[in-house]
Amino acid sequence: MQAAAAVHRPHLLGPSPLRGRASRRPSTVRMALREDGPSVAIVGATGAVGEEFLRVITARDFPYRSLRLLASERSAGKHIAFEDRDYTVQDLAAPGAFDGIDIALFSAGGSVSRAYAPTAVASGAVVVDNSSAYRMDPEVPLVIPEVNPEAMANVRLGKGAIVANPNCSTIICLMAVTPLHRHAKVSRMVVSTYQAASGAGAAAMKELELQTREVLEGKPPTCNIFSQQYAFNIFSHNAPILENGYNEEEMKMVKETRKIWNDKDVRVTATCIRVPTMRAHAESINLQFEKPLDEDTAREILRAAPGVTISDDRASNRFPTPLEVSDKDDVSVGRIRQDLSQDDNRGLEIFVCGDQIRKGAALNAVQIAEMLLK
């Protein structure tokens, strides 16, 4: 396992193999199947994030000695071609589904994680869970490798455990904000998100495409995933509204930021909006700092931050867009400017875009798995 770690360097320590490339697929297939790698299971293998897990494993040449694709009984029996091999999707609920598994990447929803992650852990697997099921459990690390790798200090291969992937909007936000927070300490953060269809799964992406065709053809839109027209429209995030008036998505950002930063006093508020883009989220972020931070210093900090690129061309009015970050590993930051409503350079405005399926889900999970190989 140590040999594998020497070859496959986690993203937080160096550039991604795909940085700067337009496509997520390498020009040639790189076989990551190797005897000294871990045995890997993917739960939710037929979903949007499950499919992205496979792409990221190939792109990063993640080593594995065996691969088991798991899903619901409904999807069991399907065939998936991956790295010149044919895999049959197996029933997640079947006895022994996690026998011999070292790392289990889960992305099948909170109810599935609550039902089956303990079984995987009991079999000795380290579960990297993309759902919200365990994020706020005080015994479960909530990890962005570039932000708080120290949270995984006690997690080891061979000793069953759960590591939680944060919410996609939290990951994209904190990738950009944490380097600034380390320099000047954020005391208050106001976030407005503009979230893509991918956050609601593959079916929502298909429905957005279908609705777009229907509306352009003058037909009534099909509304199966969302209760209202999505194409050519925006609306408040579809997560349930809580008693305090926030929705669950917004409160995830509040609570997860405090846990990841280990700072229960940082003030965070969020407004989450669903917009008709396909797979990348955008976020407008207002920051208030305890110490002064000017915009030029902020650019220098962000330029040096792993997993972050700057797109901030005022002369050409070119800044981050969801299209430009789709299928990319890095989070893009622009519109970097002082907040004129705050004195003494203690406030900044930034605009951030990141691929929700990739860094917001699959890439972050595989990076966590890479950390286990060190």
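**Figure 1. Asn286 and Glu349 face each other across two paired strands.** In this predicted model, Asn286 stands opposite Glu349, a residue of β15. The close-up follows strand β12, which covers residues 280-289. Strand β15, made of residues 347-355, is joined to β12 by 9 bridges, and the two run antiparallel. A second neighbour is strand β9, residues 186-195, which is linked to β12 by 8 bridges and also runs antiparallel to it. To find one of these pairs, look for Val186, whose bridge partner in β12 is Phe289. How many of the 10 residues of β12 are buried? The count is 8, so this strand is mostly covered, given that buried means a relative accessible area under 20%.

**Figure 2. Strand β2 sits between two parallel partners.** Here we turn to β2, which spans residues 66-71. On one side, 5 bridges join β2 to strand β1 (residues 39-43), and the pair runs parallel. Two of the facing pairs are easy to pick out: Ala41 stands opposite Arg68 of β2, and Val43 has Leu70 of β2 as its bridge partner. Leu70 also stands opposite Gln90 in β5. Strand β5 is made of residues 90-91, and 2 bridges connect it with β2 in a parallel arrangement. Why is β2 described as largely enclosed by the rest of the structure? The reason is that 5 of its 6 residues are buried. The route of the chain is worth tracing too: from β1 it passes through α2 to reach β2, and this β-α-β crossover is right-handed.

**Figure 3. Six strands line up in an open sheet.** Stepping along the sheet, you meet the strands in the order β5-β2-β1-β6-β7-β8, with parallel pairing. Which strands form the edges? They are β5 and β8 (residues 161-164), and each of them pairs on one side only.

**Figure 4. Pro141 is tucked into a loop.** You can find Pro141 in the loop that links β7 (residues 126-129) with β8. Is Pro141 buried or exposed? Its relative accessibility is 14%, so Pro141 counts as buried. Leaving out neighbours within four places in sequence, the residues in contact with Pro141 are Ala151, Val155, Ile162, Val163 and Ala164. For a sense of scale, try comparing Pro141 with Thr193: they are 52 residues apart in sequence, and their C-alpha atoms are 25 Å apart in space.

**Figure 5. Ser332 and Arg335 share strand β14.** Strand β14 runs over residues 331-338 and includes Ser332. With a relative accessible area of 7%, Ser332 is buried. Once neighbours within four places in sequence are set aside, Ser332 is in contact with Thr309, Ser311, Pro320, Val325, Phe351, Val352 and Cys353. Arg335 also has its place in strand β14. Its relative accessible area is 35%, so Arg335 is partly exposed. Arg335 has something else to show you: a positive phi of about 50°, although it is not a glycine.

**Figure 6. Asn262 has a positive phi in a loop.** Most residues other than glycine have a negative phi. Asn262, however, has a phi near 55°, a positive value in a residue that is not glycine. Where does Asn262 lie? Look in the loop between α6 and β11 (residues 267-274). Asn262 has a relative accessibility of 70%, so it counts as exposed.

**Figure 7. The largest pocket has a mixed lining.** This view looks at the largest pocket, which holds about 1100 Å³ of space. Its lining is made of 47 residues, and those nearest the centre are Ser107, Ala108, Gly109, Gly110 and Gly199. Which elements give two or more residues to this lining? They are α2 (residues 48-59), α3 (residues 110-122), α6 (residues 248-261) and α9 (residues 358-371). Sorted by type, the lining residues of the largest pocket comprise 17 nonpolar, 22 polar and 8 charged.

Notes:
Residues numbered from 1 in each chain as written. Predicted model: local features only at pLDDT ≥ 70, side-chain atom pairs only at ≥ 80, totals over all residues. Heavy atoms only, no water. 1 Å grid on protein atoms, 1.4 Å probe; cavity = no way out; pocket = protein on both sides within 12 Å on 5 of 7 lines; lining within 4 Å. Points joined across faces, edges and corners; volume = space filled by probe spheres on them. Helix = DSSP H or I, 4+ residues; strand = E, 2+ residues; numbered from the N terminus. Nonpolar A, V, L, I, M, F, W, Y, C, P; charged D, E, K, R; others polar. Buried < 20%, exposed > 50% of the residue type's maximum accessible area, 1.4 Å probe, protein only. Contact = heavy atoms within 4.5 Å. Pairing = 2+ DSSP bridges. Right-handed = clockwise from strand over helix to strand, strands pointing away.
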